[in-house]
Amino acid sequence: MTTLEVQNLFKRFPGAQHFAVNDVSFGLSDNEILALVGPSGCGKTTTLRLIAGLERPDAGLIRLSDRVVASETVFVPPEKRGMGMVFQDHALFPHLTVYENVAFGLRGKNQTEIRTTVGEILHMVGLLSYSKRYPHELSGGERQRVALARALAPRPVLVLMDEPFSSLDADLRAEVREHVRGILKSMRATVIFVTHDQDEALYMGDRLAVMQRGELEQIGTPEEIFHESNTRFVSEFMGDSDFLRGKVVSGGIQTEIGLLKQMVDLPASTPVEIALRADDVEFEIDGSGNSLIVGRFFRGAFNLYRLRLNSGQILHAFTDHTKIFEVGTRVQARVIAEHPLTVFSG
Amino acid sequence: MYTLGKARFFSFVLLLAMAVTACGGALATETAATSTVVTEAPVEVMDVSGDLVMYSGRSEALIQPVIDAFRAKYPEVNILLKAGSNSELANALIEEQANPQADVFITTEVFTIQSLSQQGIFESYMPKGADQLPAEFLGADNAWTGLTRRVRVIMYNRDLVSDDELPTSIFDLTDPKWRGQIAAAGSTNGGMQAQVAAMRQLLGDEATEDWLNGLIANEVTFFGGHTDVRKAVGAGEFKLGLVNHYYYHLQLAEGSDVGIIYPDQGEGQIGLLSNATSAAIVKGSQNLAAAQALLDFLVSVEGQKLFAELNYEYPLLPGVALKDGVQPLENFRLADVDVVQAALDFDATFDLLEKVGLP
Amino acid sequence: MDFGPRSAVCGLWSLNHPQPFYTSWRLARSSGQRLCYNSILMLNSVETTPPTTFSVRTIKNIAISPRLVIAAGLVALFVAIPLVYIFVRAFSAEPDAWSRLFQTRIWKLLGNTLLLVLAVTGGAVVTGVSMAWLTERTDLPGRKVFRWMLAMPLAIPAYIGGIVHLALLRPRGGIIPQVLERVFGQPIPTPSPIGFWGATFILTLFMFPYVYLLSGAAFRSLHASLEEASRVFGRTPLQTFFHVTLPALRPGLMAGALLVALDILAEYGTVALLRYETFSSAIFVQLSGRYDRSSASVLSGILVALAILILWGELRLQGRARFTQMESAWRPAPVIGLGKWRVPALLLAMGIVFASLIVPVAVLLVWSVQALLDPQTLAVIVRTGSQGFGSYVWNSLWSSGLAALIAVIFSLPVALLAVRYPNRFSRFVSRLCQVGYAIPGVVIALSLVLLVNRALPILYATPLVVVIAYVLRHMPQAVRASESALNQLSPSLEEASRTLGRTSLQTLVQVTLPLILPGLLAGGSLVFLTSLKELPATLLLRPPGFDTLAVRVWVWAGEGFYVPAAPAALLLVIASALPLSFLLRREQIFK
């Protein structure tokens, strides 16, 4: 059963020239985590807020479990949608204890039921012993976990998460992220997870939806998004792509650094761009090579080299940490992709 | 960070306090204390009670003893006093005509009360014994009743002014030799307003205006009330003060070395300017019985005695003795002012005061 | 763009904080303003970024509740009607009244008033800033104590201060000249509190704390590196002060100065006491004079127009200030050594504290003791007018308290609308409700007298009219406090509550109100404080038998009965000092 259906959603803020959300459509299945990712200002948070009911769409349809919550004629206010939301700044009520915060959404139930539910949820996030504390007595990570517990306690149909980890320190983030994904999966929750961090999206999402300037660029599994990017933007955004210019020839694509034996369904002589990642490129020292090392970045387990081709194009390549080359060394680079590369025309 | 416990406590206390005060506000009016004073007055004590709202042009300090005496006699009556200037209260009475708030109006001069009676503000009532009062101090149709008389005099500080340089006329007050040495009451004061009104009738607008301008040019300091004037003269801050006569006596009684001049007694001069305090019952009064009782009291021997004794005034009721030291009015030539006429023309007095810019 | 020390500072600043140049300059200026605006007495409404989110976000339209709009609109109407009525009466007065006034008094009054405004504002600014600088940025001995003592004169109404100084220094009649005369055998000329200079002196003494508190907060929040940069570039402390510090202070200072100016325009008691005629006192006299109110209305119209001009300027300044979060690397600026200036500075500070706080309180204490020991005076105090002393206290407390409650409640819809749904309309409503700053008590009284009698006769001559006057005049403080409190509250808290199943009304009651309650309380305390010492409107509107402490003090002092007035005055000061210290402590200025 499809939990959420979004059709042709439009939203423009008064006084703005462009649409914040421009004809966005997608669906969400049960127990699925959809990661909504894109650069700031792309409309992902607005989309989330539209689904939550915190904004009103200008046009389009939002259907939640076969119930229309937003359309031309209908608008169901947020308190009646039965969704849970985790905010970027956790938004815990400072005047209530952890227990009271989590119990906030459990109105209309009797005391024992509330106690049990809250207890279960807090146990799941590992904060049962903190129930009498106030938010200001907790650390950042703990607060975010309480916020999650609070959103999950009423067993909402859909959980919305708005960049929940961005206020945490980097090292904490990875740990919390893992923990949270575990909780969400064990609760079989249906989640929309908004983030601007590609790594986070790749980790959290069962599916990813990439947005740019209000539009949905591509939606698919992490692998699809990463390896089979539909547009240049997606490719670029999802990770460190370089683009190598080339021309279609009979055997593949002719580039400055060699012939790429990949068949492309385009007429010959069409200029194209090949999306390359650092692991697709390797090089060796060659005094008369086609590129120059212009940068070296030590990344612990490996080195990332920045190469400048004779034409001026920039590529990146990995080597393991033992191989160290000086900046300024002339090398010969070539493409070693073992999988089909994404090629864009033009 | 959030000391919410404290905030909660504070807010609870504050809300509780506010609730109490808001409810308590309804009960704010004190009820009269019963006292067991036995009065020996021959006037019968009527069965009056309730609130009595008094608008008094007389300053609070001067009307207070009268109120106290009345309350001693009629303990059931609760007097609510609103003191201010004659004209301010007159304004209020006119504003309130459709919705009268006051029961009794007491003023320090007759022009205001006459003017108001012409506008139908008052209830006709002749207090017991009022028939003995001189006719000129009774309003037409008994709209108002005069109470006591006062005259305009010049008081001086005897340490600073020697007997041979004393002024003899109010026009001497514009003499530059007294520059910065004179105190008087300002344009909001009833006594001053009445003086100007009387002078306008006797001397005409131009002469009065000249006099006022002369005072201002002579750097006369204008206070809000005569109490300030008498104290200032008594303290030696000023040499001369233009006041009602009893202020001199009051200051003398406080031990200051002050003297009094009854001005303009000479041939061709205007004479002593006099006026009278008066009282009236407001039409639409909520407590007519008490109002009438008050007026009866004010005109009675007992009441008149109070004014004479406590305040050195000239009671209008014949036969009431003056306090020691107060000169009988028969000794002086009084200016002859037509009250009704002056009252009709009162507005022009304000115009004049505004025109010269009297503070 | 100049290439003086400012850009040098900017340059250094931007090295520390890589930002585009222009933005960094604004950062540099604005971080100094932050506490200026978030500061004491909520004199300015804040438009800050909520501290916990990373973008300014307001609830754009969870369907603006129509109830909210209606409520805010009603409040605005309530506030606007008296104002409009004054203008209506002013313009419908006979041209006769206008011409008469113009011929005689208006120019003189205007001159007097403007002169006083300029003098006192200037004095307050100089005193306030210098004292703030001394207590915040130098090593003045005893500065912690001075911080409190320089703020406390706010608890003393200016007219009470005037009464004390008048009793002490009145030429020939005052206590000090008399003592001197006795000692030296001849009159020694002493400075007189009467007239222009006296009024300026007294009003400066009791109004400088506004500027002092605002500047002090600004000084405290100034980033160290600003001034360090300036010193690195070779500027002396004085030059640093003028070229770096003062510009950072400027917006807060301007706001404080304008508020002092507005207060002076509205001032009645002190100027009447010290015999310096201004518009307000002239209107008061007018109200006691003529049988018709047109002249008073005309003068009022002019006065209000003048005040609105000033208020508009102040609101403009407020609105232009934009802030960022306090830098996490904020360091307080280093303390400047006074060296040989220590003693003169100390004497100056002590002198000001002495004249504005110690002398009035001491004199009131002495007189109070005198009054209580003399049975006759005691009798006068306890039972004067028609009610007893207890009733004055009661009246003061309950009328001010009720006004505070009503003002805070009324301010809520206005603040909610303005903060959560900022648009032209809500901003207009918010500013309209702050127009009370511009309408002096005298004018409010006049307007209410005219209106209430015609429209709501039941209310006439009840204490409720007095309460309404308080609310009208002091609503701005409640509105600013509520707005300030709401600004501190992240909108995501309310959104979270909505997603957890609460309607907007439930959210208001269960989430918003509990969290802004401290701010509301502060606003209420402020309204309480200022209503307690209100004079002209109370004098004009009070029904017979209803006196407040302020009125009592005034009436007694007006008759020259200073000693009997003292206990009431002292009580008034104490009753004001309590909410004031609550407010001051809350601002954490004294940590």
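**Exercise 1.** Into which domains is chain B divided, and which residues belong to each of them?

*Solution.* In this predicted model, chain B falls into domain 1, made of 50-149 + 275-329, and domain 2, made of 152-274 + 344-356. As a next step, consider the placement of the two parts: the C-alpha centres of domain 1 of chain B and domain 2 of chain B are 25 Å apart.

**Exercise 2.** Describe the side of domain 1 of chain B that touches domain 2 of chain B.

*Solution.* Begin with the contact count, in which 18 residues of domain 1 of chain B meet 14 residues of domain 2 of chain B. Then turn to the helices: helix H3 (86-95) and helix H4 (110-118) of chain B each provide at least two residues of this side of domain 1, and H4(B) gives the most, with three residues. Finally, sort this side of domain 1 of chain B by class, which yields three nonpolar, twelve polar and three charged residues.

**Exercise 3.** Determine how helix H9 (residues 195-221) of chain C is oriented relative to helix H11 (residues 237-266) of chain C, and characterise their contact.

*Solution.* The axes of the two helices come within 9 Å and cross at roughly 155°. Because angles over 145 degrees count as roughly antiparallel, H9(C) is roughly antiparallel to H11(C). As for handedness, H9(C) passes H11(C) in a right-handed crossing. The residues that meet include C:Leu203, C:Met207 and C:Tyr210 in H9(C), and, among those in H11(C), C:Ala248, C:Leu249 and C:Asp263. Divided by class, the residues of this contact of H9(C) with H11(C) comprise 14 nonpolar, three polar and one charged.

Conventions: Residues are numbered from 1 along each chain as its sequence is written. Chains are lettered from A and ligands numbered from 1 in the order in which they are written. This is a predicted model: local features need pLDDT of at least 70, side-chain atom pairs count only at pLDDT 80 or more; totals for chains, interfaces and linings use all residues. Domain bounds come from an automatic or database domain assignment. Two residues are in contact if their C-beta atoms, placed from the backbone, lie within 7 Å. Helices (H or I, at least four residues) and strands (E, at least two) are DSSP runs, numbered from the N terminus. Ala, Val, Leu, Ile, Met, Phe, Trp, Tyr, Cys and Pro count as nonpolar, Asp, Glu, Lys and Arg as charged, and the others, Gly among them, as polar. Axes are lines fitted to C-alpha atoms, for helices over the stretch in contact, and angles run from 0 to 180 degrees between N-to-C directions. Angles under 35 degrees count as roughly parallel, over 145 as roughly antiparallel, 65 to 115 as roughly perpendicular and the rest as oblique. A crossing is left-handed if the near helix is turned anticlockwise from the far one by less than a right angle, and right-handed if clockwise.
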